[in-house]
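I'm opening my notebook on this one and writing down what I look up as I go. Here is what I was given to look at.

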Amino acid sequence: MALIWDGIVTAFSLVFGGDAEVWSITWLSLKVSGLATTISLVVGIPLGILLAMTRFPGRSLAVALVNTGMGLPPVVVGLFVSIFLWRSGPLGFLDLIYSPAAMVIAQVVIAFPIVAGLTLTSFQTLNPNLGLQLLGIGASKPQLLWLLCKEARLPLLAAVMAGFGGVISEVGASMMVGGNIRGQTRVLTTATVLESGKGNFDIAIALGLILLALSFAVNFLLTHIQQREQIRWPKPS
Amino acid sequence: MAETLLSLRDIAVRHGEVTVLRLSRLDVERGEILAIIGPNGAGKSTLLRVMGMLQQPSAGIIHFRGEEVGRDNALLMRRRTASVFQEPLLLNASVYENAALGLKLRGLGRAEIRERLHPWLERLRISNLASRRVRTLSGGELQRTSLTRALALDPELLLLDEPFSALDPPTRESLLIDLREILNQTGVTTVFVTHDRHEAFMLGSRIGVLREGRLLQVGPGLEVFTRPLDESVAEIVGADTRIPALVESSANGVARVRFDGGVAEAMGAFNAGARVILCLRPEDIILSRETGAPRDAERPNRLRVKVLKIIPSTLHYRLALQCRGSQLSALITRSAFMNLGVNVGDDLIASFNPAAVHIIPIRKQ
Amino acid sequence: MRKKLSLIYFTAPIAALALFALATLVLAGEAPQRNVILSTTTSTQDTGLLDVLVPLFEKQTGYSVKTISVGTGQALALAAKGDADVALVHAPTLEKQYVADRKLMNRRLVMYNDFVIVGPKEDPARVASVKKAVEALKLIEKAGARFVSRGDNSGTHILEKTLWKQAGIDAKGAWYIESGQGMGATLGIANERNAYALADRATYLAFTKRLVLAVLLEGDKPLLNIYSVMEVNPAGGPRINAAGGKAFADFMVAPATQAAIKSFGREKFGRPLFVPVAGMKEENLGE
């Protein structure tokens with residue numbers, strides 16, 4: 001128990017004492033996972049909507065792939081992305097291995113099936129005729145999509161949170177494609193592994209707590225949006 | 001001076017191998033209320049979607065007020081119509097927000113929306129519900145909201161797909177009455193689909209009969225109901241007495257047909273010897289008891305029948321009657337029924353006016 | 001709904017690609033030729049030596065070093081594939097193999113630290129009574145005392161296996177525990193289970209506050225942990241920064257660096273962790 005208390009104290013001193021390295025690690029975690037989640041949303045949400053609302057040959061295979069992708073072990077993703085990004089790999093010429101960009105790529109591969117799969121189910125909760133009715137009162141296709149997203153925002157935001165949660169907390173892929181290089185690709189999760197491997201449990205716990213706090217803050221914000229019932233509209237006089 | 005608002009030509013809608021709808025021609029006149037009736041699976045909803053430009057037909061051309069509807073103007077055209085479906089299909093928001101949605105999608109400002117929406121909320125009697133969330137409303141209130149949403153758009157064409165089928169009878173009645181009044185007052189061109197022919201007759205100025213994707217007949221309500229063009233239409237419009245017959249003679253605008261059970265006279269000119277269907281609406285059959293001695297000579301439009309079945313309902317009694325080899329179906333008021341004192345197995349006289357007799361020629365396929 | 005929303009789905013992948021390109025720009029590092037990838041082991045990294053030396057190198061030369069610290073096997077494999085430019089490891093037998101295979105070249109000694117045999121203070125197997133590591137292992141096996149091995153083919157593990165072989169013992173059984181993890185974790189397990197272990201001194205010193213294990217045998221010549229630097233053969237793969245790799249290797253054996261290595265560890269551990277041996281012959285070490 002003393003260990004956890006040490007961790008809490010260390011966490012406070014690192015964060016509020018302005019430890020530059022911890023701040024930069026935290027900031028990098030946020031940047032990498034934030035960017036990865038955003039890209040996953042851009043790719044995953046339309047894919048999920050497409051799968052939910054259209055029928056085409058091979059659709060059930062695509063859905064099965066997405067569902068499998070939701071459970072991909074991050075370390076396996078990291079291994080495969082590494083193979084591509086290594087100098088000896090087909091994409092080696094991009095010189096991305098051991099860079100934050102590589103971590104973003106790996107995290108996108110992890111997160112976008114989660115986002116797509118949960119978007120798919122969230123749209124399937126909508127009445128299948130709702131889209132038709134909205135078109136029938138004059139919605140353009142982009143307006144239709146926006147309205148459906150708003151209508152499905154409860155499960156949809158859950159998809160966002162699941163996508164973000166899946167990558168901010170993963171360590172296997174980040175380690176493999178990022179290399180945990182100090183000042184370059186070290187993020188909260190990989191730093192935690194490093195510190196506990198070195199036996200610095202107080203720092204490891206501190207980093208873990210910071211990660212939890214970060215994750216909580218983001219999810220709090222998203223939950224707030226998700227659960228908000230009232231949309232700003234004038235009260236009729 | 002009827003202006004054609006919407007014209008459909010050579011429309012075909014295919015779903016894989018199956019042709020769901022085929023129409024060579026249908027025009028919707030401005031200001032009319034066209035009711036489309038037909039059995040389930042007839043393609044009524046498909047037709048409505050095609051009219052509302054919500055579904056592109058596999059073939060065919062649509063003109064809206066003379067202008068052809070194509071890919072590039074589809075949205076603009078669609079926005080001149082408004083559709084209401086059987087399920088209210090509202091968003092998880094307040095009544096006001098839902099009703100205002102169509103206006104909001106067209107980019108109107110808040111003040112303008114409020115101005116346009118309020119009279120409609122009044123007319124559909126849901127002003128007091130404006131700030132209520134739709135999850136708390138009854139079926140009728142939901143459908144009123146959906147209607148408000150559509151009507152507030154002042155559409156040039158209003159499309160209703162069985163809007164009242166999912167409601168219980170009293171709610172349906174009340175809404176029908178309100179709608180009828182609104183449509184009469186505003187004169188908005190309306191096409192609505194229903195499987196209830198009474199609703200169609202009550203609301204529609206013209207009725208179209210659809211079956212298995214084909215438009216069998218379209219015309220003023222009374223005409224379609226009393227002068228169905230073929231057996232299918234007759235069945236759909238409720239001209240329940242259909243007896244195969246042979247034209248005996250036809251002269252001076254009066255035709256005489258013979259069937260198993262008797263003879264009838266009808267208006268019209270037909271080829272002697274032609275095979276036809278004798279068609280009667282149930283409410284046009286008058287029942288009485290034989291008075292005096294039975295006469296052997298047969299009289300046209302006056303048959304001896306036996307009561308097979310009595311089916312009561314709230315206002316009428318439906319009787320299934322047997323006349324030798326032919327069956328008839330009659331509908332009489334309760335008071336008439338009571339006066340007659342009918343039982344199953346009774347012998348009655350069924351008579352009808354020649355004007356009520358409708359002859360359907362059998363077309364050789 | 002059978003609506004084709006094709007327009008959106010064509011723009012989405014394009015938007016994603018655009019975002020990705022932006023991301024790459026935002027997060028991109030420097031030009032590739034300024035990067036030197038150094039593959040080394042976790043235990044080397046954990047000593048903290050590289051945290052001192054690498055910035056020195058970067059300042060001197062302007063290169064930017066990416067230090068990848070993984071297991072010995074992976075460090076060598078990465079270098080051999082050309083996914084690193086220079087390797088700093090401490091597994092002489094393996095290293096010599098790689099050099100023989102011409103995957104790595106120009107092997108130069110850098111420094112050494114040593115291994116120690118640690119165990120419970122009570123020393124049930126009486127390890128402290130002998131001077132040679134092989135003898136100690138024989139005693140441990142005879143007593144059936146618990147021993148925790150790295151079990152991960154690291155330099156430490158390879159040395160351990162060599163010693164068992166020399167002792168003529170096939171280490172197996174309930175008393176022999178393979179942790180499959182790094183040195184710190186392995187020591188932790190030994191600590192919990194009151195077991196013996198073979199550890200590099202640096203890690204032991206780093207963990208000493210948390211351990212009740214004591215050093216029971218040290219100073220035997222086979223227990224030397226020799227670090228060498230090797231450059232990656234540029235013919236081994238595309239995009240190998242041979243110049244950068246060479247620059248780092250040269251740096252590691254340079255006199256100034258060697259001096260820095262000599263004094264490293266004094267404040268933290270009270271005694272230096274490494275003995276710099278650049279230029280010496282391997283047979284002569286430990287004398």
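My entries below go from confidence to chains, then domains, then one helix.

**Entry: confidence**

I remind myself that this is a predicted model. The predictor gives the complex an ipTM of 0.83 and a pTM of 0.75. I looked up chain C next: its mean pLDDT is 86, and 88% of its residues reach 70 or more. Which elements of chain C have the lowest and the highest mean pLDDT? Helix α1 of chain C (residues 6–27) is at the bottom with 61, and strand β3 of chain C (residues 86–89) is at the top with 95. A note to self: where pLDDT is low, the predicted coordinates should not be read in detail.

**Entry: who touches whom**

I went through the chain pairs. Two pairs of chains are in contact, and chains A and C share the most contacts. Chain B and chain C have no contact joining them, and their closest C-alpha atoms lie 9 Å apart.

Then I checked chains A and B. Here 19 residues of chain A are in contact with 27 residues of chain B. On chain A's side, α6 (130–136) and α7 (141–151) each supply at least two residues. The most comes from α6(A), which gives five residues. I sorted that side of chain A by class and got ten nonpolar, seven polar and two charged residues.

**Entry: the domains of chain B**

Chain B is assigned domain 1 (4–231) and domain 2 (239–361). Taken over C-alpha atoms, the centres of these two domains of chain B are 38 Å apart. How many residues does each domain of chain B put into the contact? Domain 1 of chain B gives five residues and domain 2 of chain B gives seven residues. The side of domain 1 of chain B that touches domain 2 of chain B has one nonpolar, one polar and three charged residues.

**Entry: the domains of chain C**

In chain C, domain 1 comes in two stretches, 32–113 + 224–284, and domain 2 is 114–223. Their C-alpha centres lie 26 Å apart. I found 19 residues of domain 1 of chain C in contact with 18 residues of domain 2 of chain C. On the domain 1 side, the elements of chain C giving two or more residues are α2 (42–47), α4 (72–81), α5 (92–100), β4 (104–120) and β9 (224–232). The largest share of that side, four residues, comes from α2(C). By class, that side of domain 1 of chain C has seven nonpolar, eleven polar and one charged.

**Entry: helix α3 of chain C**

I picked one helix to look at by itself. Helix α3 of chain C (residues 49–61) has 13 residues, so at 1.5 Å a residue it should span 18 Å, and its end C-alpha atoms are indeed 18 Å apart.

Which residues in α3(C) are buried? I get Leu49(C), Leu53(C), Val54(C) and Phe57(C). Why do they sit on the same side of α3(C)? They cover an arc of only 100 degrees around the axis, so they end up on one side together. The buried residues of α3(C) pack against α2, β2 (64–70), α10 (242–253) and α11 (255–263) of chain C.

I then checked the face of α3(C) turned away from its buried side, and the exposed residues Asp51(C) and Lys59(C) are there. Last thing I jotted down: just after α3(C), Gly62(C) takes a positive phi of about 85 degrees.

Notes
Residues are numbered from 1 along each chain as its sequence is written. Chains are lettered from A and ligands numbered from 1 in the order in which they are written. This is a predicted model: local features need pLDDT of at least 70, side-chain atom pairs count only at pLDDT 80 or more; totals for chains, interfaces and linings use all residues. Domain bounds come from an automatic or database domain assignment. Ala, Val, Leu, Ile, Met, Phe, Trp, Tyr, Cys and Pro count as nonpolar, Asp, Glu, Lys and Arg as charged, and the others, Gly among them, as polar. pLDDT is the predictor's confidence in each residue, from 0 to 100. The expected span of a helix is 1.5 Å times one less than its number of residues. A residue is buried if 20 or more other C-beta atoms lie within 10 Å of its own, exposed if 12 or fewer, and partly exposed in between; C-beta atoms are placed from the backbone. The arc is that of the directions from the helix axis to the C-beta atoms.
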